[in-house]
Amino acid sequence: MSADVELDHMTIRFGEFTAVKDANLKIEDGEFFSFLGPSGCGKTTILRAISGFLEPTEGEVRIGGKNMKGIGPNKRPTALIFQNLALFPLMSVADNIAFGLEVRGVGKAERRKRADELLDLIALGDQGNKKVSELSGGQKQRVAIARALAVEPAVLLLDEPLSALDLKLRQHMRTELRAIQQRVGITFIYITHDQGEALTMSDRIAVMSQGIIQQVGTGTEVYENSQTAFVASFVGENNPFHGKVVGTEGSDALVDTAFGRLRGRNVRGMQPGQSAMLFVRPESMSFANGDAENVIESQVLHSEFEGSFFSVFLRGEGAKDIVMSMTNSGDLPQYQEGESARVAFKAERALVLPVGDVADE
Amino acid sequence: MRDFFQRNGAVISTYLLLAVFFWVVMMIVLPQAYMLNFSFRHDLLPNQIGGPKDVYTLSNYEYLLFGRPGDEELFNYLHLTVFLRTIIASIFVTLLDFALCYPIAYYIAQVAKGGYARSMILLLILPFWVNEILRAFAFRILFGTSGVINAFLQTMGILDEPIDFLRADVALYAGLSYAYILLMVFPLYNAIESLDHNQVEAARDLGSPWWRIHWRVVMPHAKPGIASGCTLVFMLSAGALAAPQILGGPSSLWFTQIIYQWFNTGGNWAQGSAYAIVLLLACLVFVLTVMKVFKVSLGEIAR
Amino acid sequence: MSSQGIQKLMVSFYILLFFLFLFAPLFMMGAAAFNDVEFPQVVPWEGFTLRWFPSLFEDDLMIEGFVNSIWIGIGVMALSVPIGLAAAIVMTQVHKRLQTVYYTVVVSPVLMPGVILGISTLVFWDKLGTFMEAEYESFYYSGMFLTIVGQSTFISAYTMLVFLARLQRFDRTQEEAALDLGATHVQVFWKVLIPFLRPAIFSAMGLAFLTSFENYNTTVFTIQAESTLTTVLAGKVRMGTQPDLAALAVLIIAVTLIGALAIEIAQRREQRREWAAKAAAAKAEREAEAIAAAAE
């Protein structure tokens with residue numbers, strides 16, 4: 001069965017509160033797709049609507065082209081990995097994995113065989129008889145994945161499954177998850193607030209804020225070609241400059257800001273007179289030599305050495321600093337506090353976007 | 001409702017609703033409502049049903065107040081006295097239990113440590129697994145005219161003649177206090193246990209005398225427990241039947257005994273229902289008073 | 001002696017008195033069971049005897065009451081455990097605004113004198129029986145049935161409270177996980193919820209049975225022509241007294257002690273099991289770390 005997942009103008013309300021507003025997208029069969037956003041942005045609500053724990057207030061969810069309205073979670077070709085894993089504490093590891101088969105009436109021997117195969121897949125071959133409470137955090141994680149895979153879902157839904165793990169294990173599990181997905185070849189829909197997870201694992205990402213899907217695209221797309229102020233500020237670090245569009249030149253726009261006239265790519269086709277935000281990533285900035293374009297005259301506040309790179313903080317608009325980062329190539333100059341500095345960036349590395357909410361740091 | 005069915009599935013939802021309906025409607029609400037209705041009826045023979053006497057009446061309640069119409073006495077002194085005595089004695093038993101249990105509850109909750117406290121709790125519970133009737137019986141052995149206490153006092157030369165503790169109701173009050181003591185200890189213990197011992201230390205540090213620590217720190221904290229314990233003990237004492245039957249003197253009646261008589265020898269269920277309603281009202285008034293005085297909710301009392 | 005020493009001594013003395021108050025009556029009764037006199041008394045001591053124990057089993061009335069009590073206890077378990085469970089589950093799902101009203105109604109039987117529950121059950125179900133034209137000789141009109149219903153009215157509230165306490169620790173996502181894996185609602189109930197509640201089910205059953213077994217106030221109204229152990233006992237105690245009652249008490253106390261010890265041991269064993277699992281998890285965690293460290 002083809003297992004593309006479509007959200008067709010889906011809106012979900014809880015009383016007065018709109019949790020998800022007009023979500024509209026298609027996730028391809030076999031894709032690793034992430035919903036990325038801060039907590040409370042509606043991403044978990046979308047996941048629960050796909051898995052069947054919630055019905056959309058408006059619009060529909062389609063899996064493999066079939067409208068899922070009225071189909072309960074136990075009848076959908078999806079399996080969900082819960083944030084807290086929700087393993088059954090009173091069953092052995094193998095019984096946990098075989099639960100989905102048990103409730104489908106699969107015989108005991110067959111169940112045991114499938115459980116053993118999956119235990120091998122997650123490298124816990126000899127631990128099937130253990131109690132869940134005897135496993136480490138990472139092992140529980142893998143058992144949860146195996147339990148979900150046992151029912152051979154067409155779509156695996158993952159609700160921030162790594163958030164409870166420590167950093168090292170989290171990074172290890174990212175690689176492992178991606179490898180498992182490629183091995184089993186089914187659609188993974190992944191929910192996270194951690195952009196590192198989303199960027200490293202996903203084929204495509206939907207960035208969400210306040211119930212609205214802001215942008216859908218590959219990791220590179222959302223990072224390099226952010227379409228809204230929120231995406232630009234939430235995915236990676238970015239320096240915003242507030243101003244007004246004063247003119248357009250080809251695919252660029254000119255914006256008057258507190259630091260003078262700056263030029264960036266007019267990706268949203270803004271017109272002169274409109275308020276805008278111009279975003280430049282820290283790594284796109286450098287010290288200006290000669291008469292480069294997009295020069296910013298500022299003052300060094302302080303600098304931070306972070307090993308492979310080096311960050312310089314400059315006085316920006318209001319309370320917000322401008323951050324510039326440079327790779328450590330071995331010959332970095334030192335900057336003193338209060339020193340005046342001229343920095344610049346290339347127009348093709350800057351984005352001019354409509355004013356909008358930015359993500360909190 | 002749709003959410004409820006969606007969440008639990010049709011079969012389980014049906015079970016949940018049927019079970020709760022049966023309990024709430026058939027076992028709690030309707031029987032109480034019917035008893036209330038019944039208390040306003042004449043006691044009828046089957047052939048009188050539907051007849052001229054099958055109407056609402058206050059006569060059952062009037063009987064409690066004034067006795068049989070045409071009696072010499074103005075009021076039904078016998079029953080009213082029993083009623084008042086039941087209430088006052090129950091309040092007395094409640095206060096006695098509180099006074100007895102508070103130090104123990106405080107000691108186990110705040111002073112005793114780990115295993116010791118655990119063993120004490122176990123010891124507290126043990127006597128209450130013994131049947132209520134047998135516990136009352138034990139008090140009969142203790143307080144009877146040939147009982148242990150009389151024998152002891154006589155041997156010591158304090159008494160010449162045995163005291164009839166049963167007739168003097170001493171056995172009854174002691175037995176009631178004993179019967180429901182656990183229901184005072186546990187709410188008190190639970191409430192005091194949740195108090196951070198540092199608060200007591202802090203108060204002591206500030207130079208509070210011990211009684212003030214209890215009055216100002218421990219008791220206010222334990223309010224829900226006190227309310228809960230007092231309510232339970234009062235209710236059970238006022239509603240007790242076994243202990244008064246066994247330990248009450250021949251002349252002393254408990255209000256529940258009169259109710260019992262209406263149902264048994266008296267054979268007037270309607271009259272008995274009216275008396276039961278009066279008892280229920282008295283209990284209700286007590287609970288509401290406690291809730292008001294202690295400013296606690298019903299949820300905190302019945303846990 | 002310091003004033004603190006005196007205070008400590010007084011506290012100890014009080015505790016001693018308190019427990020004396022709790023246990024002395026029972027000890028006296030226990031002693032009376034072995035005293036060779038026709039009247040239950042400890043003094044004067046006429047010599048040790050065991051004859052009151054066999055005489056217990058010759059009392060047909062008491063045996064009949066005992067058997068009835070067992071059946072009623074089983075009936076009450078069968079009624080109040082499912083009701084309490086359902087009521088507790090509904091409590092966790094009922095709308096916040098309704099919750100207080102619902103709680104007040106279902107907990108009210110606990111706060112009501114037992115005699116009132118007995119009376120209301122008697123008058124209502126008697127009327128209902130007339131209405132439904134139940135046979136006068138049928139089980140419906142036997143005191144047993146009414147007693148089961150009457151006792152269950154408040155015992156269901158006890159079992160509900162037991163289930164509520166356990167349900168508060170239930171992780172609802174387990175139900176969702178099971179559903180998501182394809183289980184039907186009925187399967188979720190039997191395979192996830194019931195196993196989780198198993199300890200509470202046993203506690204509730206035990207509580208229901210024991211409460212029923214020793215109930216008097218409600219039973220005395222609903223039992224009518226039949227009898228239970230408590231009604232027989234009450235009758236005997238009122239009539240005048242025989243030492244075999246003390247013997248019965250000794251038996252009950254012995255059973256109770258054994259039961260209490262068994263529960264205590266079971267609890268400790270359960271705790272040890274939990275500790276073992278925790279230790280194993282910690283070990284697995286350490287191993288995982290070691291493997292991760294080795295991989296780097």
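Here a visitor asks a guide how the labels on this predicted model are earned.

Visitor: How should I read the names and values?

Guide: Residues are numbered from 1 along each chain as its sequence is written, while chains are lettered from A and ligands numbered from 1 in the order in which they are written. This is a predicted model in which local features need pLDDT of at least 70, side-chain atom pairs count only at pLDDT 80 or more, and totals for chains, interfaces and linings use all residues; side-chain values use heavy atoms, with hydrogens and water left out.

Visitor: Why is A:Cys41 called buried?

Guide: Buried means under 20% relative accessible area, exposed over 50%, and partly exposed in between (1.4 Å probe, protein chains only). A:Cys41 has 1% relative accessibility, so it counts as buried. B:Cys230 is buried too, with a relative accessible area of 9%.

Visitor: What keeps B:Cys230 from bonding to the closest cysteine sulfur?

Guide: A disulfide is a covalent bond between the sulfur atoms of two cysteines, and here the pair of sulfur atoms must lie within 2.5 Å. The closest cysteine sulfur to that of B:Cys230 is in B:Cys101, 9.9 Å away, so it is too far for a bond. Over all chains, the structure holds zero disulfides.

Visitor: What makes A:Glu6 and A:Arg62 a salt bridge?

Guide: The rule asks for a side-chain nitrogen of Lys or Arg within 4 Å of a carboxyl oxygen of Asp or Glu. In A:Glu6 and A:Arg62 the closest N and O atoms are 3.4 Å apart, so the pair fits the rule. A:Glu6 sits in strand β1 (residues 5–14) of chain A and A:Arg62 in strand β4 (residues 58–63) of chain A, so the salt bridge ties together parts 56 residues apart in sequence. Those strands are DSSP runs (E, at least two residues), and helices are runs too (H or I, at least four), both numbered from the N terminus. A:Glu6, at 18% relative accessibility, counts as buried, and so does A:Arg62 at 16%.

Visitor: How do you know that C:Glu214 and B:Arg135 join two chains?

Guide: Their side chains meet in a salt bridge at 3.7 Å, N to O. C:Glu214 lies in helix α8 (residues 185–214) of chain C and B:Arg135 in helix α5 (residues 132–143) of chain B, so the pair joins two chains. Both C:Glu214 and B:Arg135 are buried. Between chain C and chain B the count is one salt bridge.

Visitor: How many residues are in contact between chain C and chain B?

Guide: Contact means heavy atoms within 4.5 Å, and 88 residues of chain C are in contact with 83 residues of chain B. The buried area, meaning the accessible area (1.4 Å probe) that two parts lose on being put together, summed over both, is about 7700 Å² here, 78% of it on carbon and sulfur atoms.

Visitor: What makes C:Lys191 and A:Glu102 a salt bridge?

Guide: The closest N and O atoms of C:Lys191 and A:Glu102 are 2.5 Å apart, so the pair meets the salt-bridge rule. Across the interface of chain C and chain A the rule finds two salt bridges. This contact takes 26 residues from chain C and 32 residues from chain A, and about 2400 Å² is buried between the two chains, with carbon and sulfur atoms giving 58%.
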